[in-house]
Amino acid sequence: MSGKQKANYIGRVVDWSKQAPIRAAKVIFENNDGDSVVSYSDIEGIYRFSANTGSNGVLRGQITVEASGYQTHKSQINSPSDKHDLGDITLVGGTSKVTPQTNVSNRPSTSTTSTTSSRPGSTNSTNSTNRNNIPRSNNTNNSDTDQLIPILIALMVIFFTFTTFAIVSAIRKERFNDRRNNFINFHELPIYQVKGQELKIRS
């Protein structure tokens, strides 16, 4: 049985200043035997690749990350067999300059709290087991917008209903006033005027 085993690994590329994911970043991993694999980050900055490990299951080698508008990042990987999440790789804006190499070791930790380094060009080690659990602010904003749409529609319907009712009431009131002004109250007129009005009506 060969001592080498193939394992799947995952990581994320983020902008150091904005802490936002970087898509289409080129990730190159080269192990100590000279074998290399190439992967690209998706819209969430996540990349995946499969690589051969050593006889003890430890992944050792160098990882290089390149992205348009950012400095090239290089660091050493030393990940034990039970760690397949390589954490976050932060890139600094700029071109041509290569960030200093950083040794990365995903040794098992007794603490359940993940640590995040704010130093540019470093690879952050996390205890996350599922990248899909990362909160997405865009999804939250879309959900809030979807909840507001029915409320806005209801308010618009109420406003137009009230406006229509007010206009109709005003028109009816105006017609009633016109009729009342044109009405002749015979009981308030002198007798000869009443008779004159009656003769006009008969004729």
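The legends below describe an overview and several close-up views of a predicted model.

**Figure 1. Overview of the predicted chain, with nine strands and two helices.** Along the sequence the order of elements is β-β-β-β-β-β-β-β-β-α-α. The chain has 203 residues, of which 28% are buried. Of the contacts between residues at least 6 apart in sequence, 59% join residues at least 24 apart. About 14,200 Å² of the chain is exposed, and 54% of that area comes from carbon and sulfur atoms.

**Figure 2. The largest nonpolar core, made of 19 residues.** Val13, Tyr47, Phe49 and Leu91 have the most contacts inside this core. At least two core residues come from each of strand 1 (5–15), strand 2 (26–31), strand 4 (46–53), strand 5 and strand 7 (85–91).

**Figure 3. Surroundings of Leu91, one of the core residues with the most contacts.** Leaving aside residues up to four places away in sequence, Leu91 touches Val13, Val14, Asp15, Trp16 and Ile22, among others. Its further contacts, counted in the same way, are Val65, Ala67, Tyr70, Gln71 and His73. Val13, one of these partners, is itself among the core residues with the most contacts.

**Figure 4. Asp85 in strand 7 and its contact with Gly87.** Asp85 has a relative accessible area of 10% and is therefore buried, the limit being under 20%. Its side chain reaches the backbone nitrogen of Gly87 at 2.9 Å.

**Figure 5. Two residues with positive phi in the loop between strand 1 and strand 2, Gln19 and Ala24.** Most residues other than glycine have a negative phi. Phi of Gln19 is near 55°, and that of Ala24 is about 60°. Neither residue is a glycine. Gln19 is partly exposed, at 47% relative accessible area, whereas Ala24 counts as exposed, at 53% relative accessibility. The two fall in separate classes because exposed means over 50%.

**Figure 6. Ser68 and Ala24, residues from two loops.** Ser68 lies in the loop between strand 5 (59–66) and strand 6 (73–79), and Ala24 in the loop between strand 1 and strand 2. The two are 44 residues apart in sequence, and their C-alpha atoms are 8.7 Å apart in space. Ser68 is exposed, with a relative accessible area of 74%. Ala24 is also exposed, at 53%.

**Figure 7. Ile43 and the residues it touches, Pro21 and Arg23.** Ile43 lies in the loop between strand 3 (36–40) and strand 4. With residues up to four places away in sequence left out, the contacts of Ile43 are Pro21 and Arg23. Ile22 is 21 residues from Ile43 in sequence, with a C-alpha to C-alpha distance of 7.2 Å. Ile43 is a nonpolar residue that counts as exposed, at 61% relative accessibility. Ile22, for its part, is among the residues that Leu91 touches.

**Figure 8. A nonpolar surface patch that includes Leu148 of helix 1.** The patch is formed by Leu148, Ile151, Leu152, Leu155 and Ile158. Together these residues have about 510 Å² of accessible area. Leu148 lies in helix 1, which spans residues 137–182. At 49% relative accessibility, Leu148 counts as partly exposed.

How values were computed: Residues are numbered from 1 along each chain as its sequence is written. This is a predicted model: local features need pLDDT of at least 70, side-chain atom pairs count only at pLDDT 80 or more; totals for chains, interfaces and linings use all residues. Side-chain values use heavy atoms; hydrogens and water are left out. Helices (H or I, at least four residues) and strands (E, at least two) are DSSP runs, numbered from the N terminus. Buried means under 20% relative accessible area, exposed over 50%, partly exposed in between (1.4 Å probe, protein chains only). A nonpolar core is a set of buried Ala, Val, Leu, Ile, Met, Phe, Trp, Tyr and Cys residues joined through side-chain atoms within 4.5 Å. Contact means heavy atoms within 4.5 Å. A polar contact is a pair of N or O atoms within 3.5 Å; within protein, one must be able to donate a hydrogen and the other to accept it, and residues adjacent in sequence count only if both atoms are side-chain atoms. Patches are made of residues with over 30% relative accessible area and no salt bridge: like charges are joined within 9 Å, nonpolar side chains (Val, Leu, Ile, Met, Phe, Trp, Tyr) within 5 Å. Accessible areas come from the Shrake-Rupley method with a 1.4 Å probe; for residues, only the protein chains shown count as cover. A salt bridge is a side-chain nitrogen of Lys or Arg within 4 Å of a carboxyl oxygen of Asp or Glu.
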